Amino acid sequence: MLLLNLKVTHGLTNTCFTDILRLLANKILPKDNKLPHSHREVSSIMKDIGMEYKTYDACPNDHILYYGENANLQQCPVCHTNRYRQDQVSKKVPYKVLRHIPLKPRFERMFKCKELAKYMDYHAQGRSQDGVMRMVADSKYWKDIEEKWPHLRNEPRNARISLAMDGVNPFGDLRTTYSVWPVLIINNNLPPWMAMKKEHAMLTLIIPGKYQVKDMDVYMEPLIDELRELWDGVNMYDVSRPVNDRNFLFHAILIWTIHDAPGLSICCGLQTKGKHGCPSCGPKLLHRQSKDLNKTVYDEYRQFLPQNHRYRVRDKHKFNGKEVEMRKPIKMNPARWKAMYDKNEGTGFPLGMKRLSIFYKLEYYENLPIAHLLDTMHIGKNVAECLWKHLNGTNIEAQIKLRKDLRVANIMPNMWLHEDNSYVHAPWNFTSNEKENIISTMKNIRFPSGFGATLKNLFTRDGSEFSGLKTHDWHNWIKYVLPAAIPSTFDHDVTLTIYKLCKYLRWVSSKEIHQDELKYWKRNVSLLMCDIQMCFPPSFFNSQEHYLVHLVEEIEQCGPIHIRTMWLVERYMKVLKQFVRQKARPEGSIVEGYMVFQAMVHLSEYLPQLHIEAPRLWNYNQSQSFEGEKLKGEGTSKRIKDAKEWETLHLYVAYNSDFMLEWMEKYAEQKKLEDENAWTNIYNRYGENTNRGLPASHKRKWPDRCSWNWLKTNIENEETKGQDRVTQQQLNFIKGSINGEVRYYKRMWNFGHHYRIRKVDEKRQTYDCGVSASFEVECRSHANDRQPITSTLRYYGVLEDIIELDFMSFKKVVFRVEWYKLIEVGEEKTILLHNNGFHMINTSRFEATSEPYVFPSQCDQIFLIPNLEQPGWSFVIDYDPRGRRVTFVPDVEDHDLLEDAEVPPEEIDGQDGDDVIVNDAYDQDEDHDEFTEVSEGHDQPHGHQVHEDDEFIDFNLPVVEGGEDYESDGINLFVDLGSINDGVFLPSDEEISCEDDIF
C-alpha cells in the first residue's frame, strides 16, 4: 500500500513500479516474502477490495450501447455494423468501449471515511445566517428543492450532486482531433473548498472518442439507471455517527449539469448557436440574421426592460427607430421544454431543441427549476476577447462589412459606409495614440505572485499585439486591467459603458453575494446591455455576449458562480491527461490511473493510524495549505536598539491580542477616570463654559509610554502576590522577546497571499509588497473635544519589514508598513474614487505616522496599476486571496483534524531555506464548533485595531466629518466621510436610478 501510495504521489510509470517491486522482492526482502512482483498483480488486489469499473461495448457509429436488453447482440440493429473487429481472430476486440465507474461504492467508501463523512451534512450546519450567499446551500434553488422533496431536508446526508462533462484531447496535441468525454459528478454536500478538489470529484464515465460523438444519450444509459437507483434510496453505513444512527437510507438527486456551450448542445440536446441559441430564452429571443457579417446577432435588449421604460418607445431613435413591445422571455426550464416537445410531438422538435434529453428519464428532472448552468468561465473569456477585438480595430475588409451591416440595421447613421467606401473613425476603436497608451500601461503592470501572466511578456516584438493569454488571464484583463488602462481621451460614453461592464463582471465573479448588490444588478443589467447596444456595433453580440443578461437571475437562484463553473472541470482534465501512459489506449490508461489514484485517496486515511511517515494524497491539513501564517526562509536575528520603537512594537501586540485584553481595558478605565476627575476640577474652578483644556500631563499620544510601564509594573506585582489573574503567557510577554532580539524575514504566506518586503520586491517582476488594512480612528474637532468621532478607514501602504517576536511559549509576526498619506478633500488630496470603481492614490506621499505596525491577519494584499496620464498616481486593486477562510468546521470526536498542519503552500520562486511554521492558523474553542482566524495568542478579528473604551489612543491617522475641520494630533485635517462605507464605495438607491450611470 505504501509503495502504491508513492507511485501515485510521484507519478511513477508502471514499468518503473514493477522494477521496484522486483528489486524489493528478489534482492532486499526475505525469500519467502509475499510482495507482488508486478503492477498487474497489484491491480488485481485492488479489484478484490472493491476498486473496479465496468465496461460496455458500443456501436462505432454511436447508435446503441450493448447494455441492458442489447447486452447480448452481436450486431447493431440500426447500421448493422459488427460489434467486434473482424481483423482480430485470436480474441474479441470491440470497436468502442464505454468505461463506467459506479457511484454507489464510492459513496459507501466516503461514509466509511470518518474525516469525509463528517462533512456530508456541512450544508445544514454551515449555512449563512446574515443573508450573504457564500455556497450553493445558501441559494434559493437549494431551498426550493428541499421544499419540493422534504425527505432530502429531513436527512441532511442525502446528496445533492452536479454533473459536469467536457471534451478533452488526451494527447495534448492541438493538431489531432481525438476527443475523449469524461463525465464527472460533484458532491455539493461538501464545503466548497473540498467539493472543488480533485480528490473529491468523482469520475463516473469515460466516453470513447477519436471522432465527434453523434448521440451522447447512448453512453449515458448506465449512469441514468444508477441515478434512478440512488433517487429511490440505498442503504448506507456512516462511521462518523453514533452507533444507533449509523444505518440510514441514502438518496441522491442531480440538481443541475455544468457544460460549456458545445457540451450543452451535445449532452442536453439544446441549441447554443443560430436563431435560437439561448437555452434560457428559447424561441422568444429577438435575433437578426446578418448577411454582411454572415452570422446571427442578438442585438436587441430592450425587451428585457420594464414595459414603461423610455427606451422602448420614447427614445427609440437612439436604437433602430422601432418600438419594442415584446415582453421579457419567460425563462425556460425542463418542464417548459417538455411541454413544447409534447405539443409538437409527431411534427418535429420545437424551436431551440435538437432532441429530448435522456435526463428526462429521471423522475424528478422535469420538476427542477434549473437544469443547465451557464458557463461563466468561457463567457467572461469570450466577452473579453470580443471587446479587445472591437477596441483594437479590425482590418479594412471587416470594417466595410461592419459598416454595411449598420445601414441594414438602421443604427448609428453617422458610422455608415460612404459611397466611395470610406468611413469615419468609430468611437469604439482606439486611435493609434490611445492604443499606444493602453499598451504602455499594460507593460508596466506588476501582478502579485500567482495572480496571472506577466502581460509585457505576451506582446509581439513590435509591441502592437499580445497573444497567448489563458482564460484566467482574460478574466483578469477585463476585470482589473482594462478599466484602469483606458485613456482619458477615449470616447466618454463608450468608456462609461466599459466601466459598467467590467464592474458587472467583477461582481459576477464575487465569492460572496450581498442582497443589496444583487437587487441593484437585477434592476440594472438590462440597462447595461442596452448601453452596450448603443455604443457597440451588432458584431459584438454573439450568443456568449447575450448570456450576460441571464447571469444575475442565475446567481439569484443558484448562488456564487465560483463553485459551479467549468474551472474545476478544465483543471481536472489536466489531471486525467497525466494518467495517459499508453497513447494507443488513452481511455483505458485514464480509467486505470484514476482507479489507483482513488484507491490511495481512500486507503491513505489509514496511514496515520499505522504511525508511518509517508506522503498522503489527501488529508484535511493539506486542504488548508493556503491558510494561516507561514514564514519563508531562515530569517535574520537583530536587536532593536531604539527603546521607543521596541515599546511601540510590543504595545501594538498588547493592544491587539486577546490574552492582554483584560489589562488593556483596566488601564483604559483608570485613565478615563483620571481624565474625568481632571475635567471636574477644571469646571469647578473655571466654570462649565471655559475654553481651558486638559493639562499637558493628561494629553497622551500613541504610543503611550506610561501604559507600558504601568502594564509591566502591575503584572509583576500581581505575579509577586501569587494572584491567579496572571497567566504564564502574560508573564512571558512582559519579559519581551528572547534576549531582546527579533527575527526579520523577507517573505511569508498569509491566508493565501504571498508577501515580500519592498527591498526584495523591487528587483522582481511581481508586486508582493502591497498592503491594505482597516483602522478604527478617533478624531476630535479641537484639543478639548470630549466627544470624539470614531470611524473606519482603509489605508494602503508598502510592506517594509516582516518581524517575528519570540516570547518563548508563543510567537507573533508583525508587519512594519509605510502607509500612503490619506487626504480625501482639498487641493492636496491624495486619494480619490475614479469612475472605473477603483481608488486612485498618490504613491509619492507617505503618512508620517507613529504606528507602522499591523498583524498579517489584519491585512489584505493589493497591487497597483500606474496611471501614466497622472505621474505619481496609481489605481489600487484589491483581489480575493487564494484558498479560503474557515467559518465553520464540524466537531471531530476522535482526533483533531487540524493537528500537525505542516503541509507547506506551493513554492513561488524556489528559494532555498528552511520553512518556519509560525503558529496554527486557527484556534478551536473547546465548547464551540467554530474556528476563528487567529494565531496562537488570539489576535483580534480583521480590522479591529482600537477598543471602544480606548479614548486615550490617538493613531495619528486623521479622519474627520464632512463640513468641519477636525484636529488630530495637532494637525488640522479634512476628510469627507460621506463617501466612505466600510472601505467599499457603492452608490445608493437615492443617488442612482436604473436610468442613470452606475458610477
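This is a short selection-by-selection tour of a predicted model.

**Whole chain**

Start with everything shown and colour by secondary structure. You have 999 residues on screen, and 56% of them count as buried. The cartoon breaks down into 27 helices and 29 strands. If you like contact maps, here is one number to keep in mind: among the chain's contacts with a separation of 6 or more, 69% join residues 24 or more positions apart.

**The cores**

Next, which residues have the most contacts inside the largest nonpolar core? Select Met442, Trp477, Ile498, Tyr504, Phe536, Leu711 and Phe733, and you have them; the core itself has 149 residues. Zoom in on methionine 442 and show what surrounds it. Beyond four places in sequence, methionine 442 touches Trp388, Leu455, Lys456, Phe459, Phe466, Trp477 and Val481. Trp477 is on that list, and it is also one of the residues with the most contacts inside the core.

Now pick Ile207, Cys267, Ile358 and Val580. These belong to a second, separate core, which has 114 residues. As background, nonpolar side chains tend to be buried together in soluble globular proteins.

**Leucine 184**

Select residues 181–187, which make up strand 4, and find leucine 184 in that strand. Is leucine 184 buried or exposed? Its relative accessibility is 0%, so leucine 184 counts as buried. Show its contacts, skipping anything within four places in sequence: you should get Ser162, Leu163, Ala164, Met202, Leu203, Val569, Tyr572 and Met573. For a quick distance check, draw a line between the C-alpha atoms of leucine 184 and isoleucine 206. The two residues are 22 apart in sequence, and the line should read 9.3 Å.

**A helix pair**

Select 515–535 and 551–558, which are helix 18 and helix 20. Turn the view until you can see both axes: they are 9 Å apart, and the helices pack at an angle of about 150°. Because that angle is over 145 degrees, helix 18 runs roughly antiparallel to helix 20. The crossing is left-handed.

Which residues meet here? Put sticks on Leu518, Trp521, Lys522 and Val525 from helix 18, then on Val552, Ile555 and Glu556 from helix 20. Coloured by residue class, this contact gives you five nonpolar residues, two charged and no polar.

**Three loop stops**

Go to histidine 276, which is in the loop between helix 11 (261–268) and strand 9 (288–290). Despite the loop address, histidine 276 is buried, with a relative accessible area of 13%. Its contacts, leaving out neighbours within four places in sequence, are Gln271, Gly282, Pro283, His287, Leu351 and Gly352.

Then move to asparagine 294, in the loop between strand 9 and strand 10 (295–297). How exposed is asparagine 294? Its relative accessible area is 66%, so asparagine 294 counts as exposed. Check the backbone while you're there: phi is positive, about 60°, although the residue is not a glycine.

Last selection: asparagine 421, found in the loop between helix 14 (396–409) and helix 15 (432–443). Asparagine 421 is another residue other than glycine with a positive phi, near 65°. Surface-wise, asparagine 421 counts as partly exposed, at 44% relative accessibility.

Conventions: Residues are numbered from 1 along each chain as its sequence is written. This is a predicted model: local features need pLDDT of at least 70, side-chain atom pairs count only at pLDDT 80 or more; totals for chains, interfaces and linings use all residues. Side-chain values use heavy atoms; hydrogens and water are left out. Helices (H or I, at least four residues) and strands (E, at least two) are DSSP runs, numbered from the N terminus. Buried means under 20% relative accessible area, exposed over 50%, partly exposed in between (1.4 Å probe, protein chains only). Contact means heavy atoms within 4.5 Å. A nonpolar core is a set of buried Ala, Val, Leu, Ile, Met, Phe, Trp, Tyr and Cys residues joined through side-chain atoms within 4.5 Å. Axes are lines fitted to C-alpha atoms, for helices over the stretch in contact, and angles run from 0 to 180 degrees between N-to-C directions. Angles under 35 degrees count as roughly parallel, over 145 as roughly antiparallel, 65 to 115 as roughly perpendicular and the rest as oblique. A crossing is left-handed if the near helix is turned anticlockwise from the far one by less than a right angle, and right-handed if clockwise. Ala, Val, Leu, Ile, Met, Phe, Trp, Tyr, Cys and Pro count as nonpolar, Asp, Glu, Lys and Arg as charged, and the others, Gly among them, as polar.
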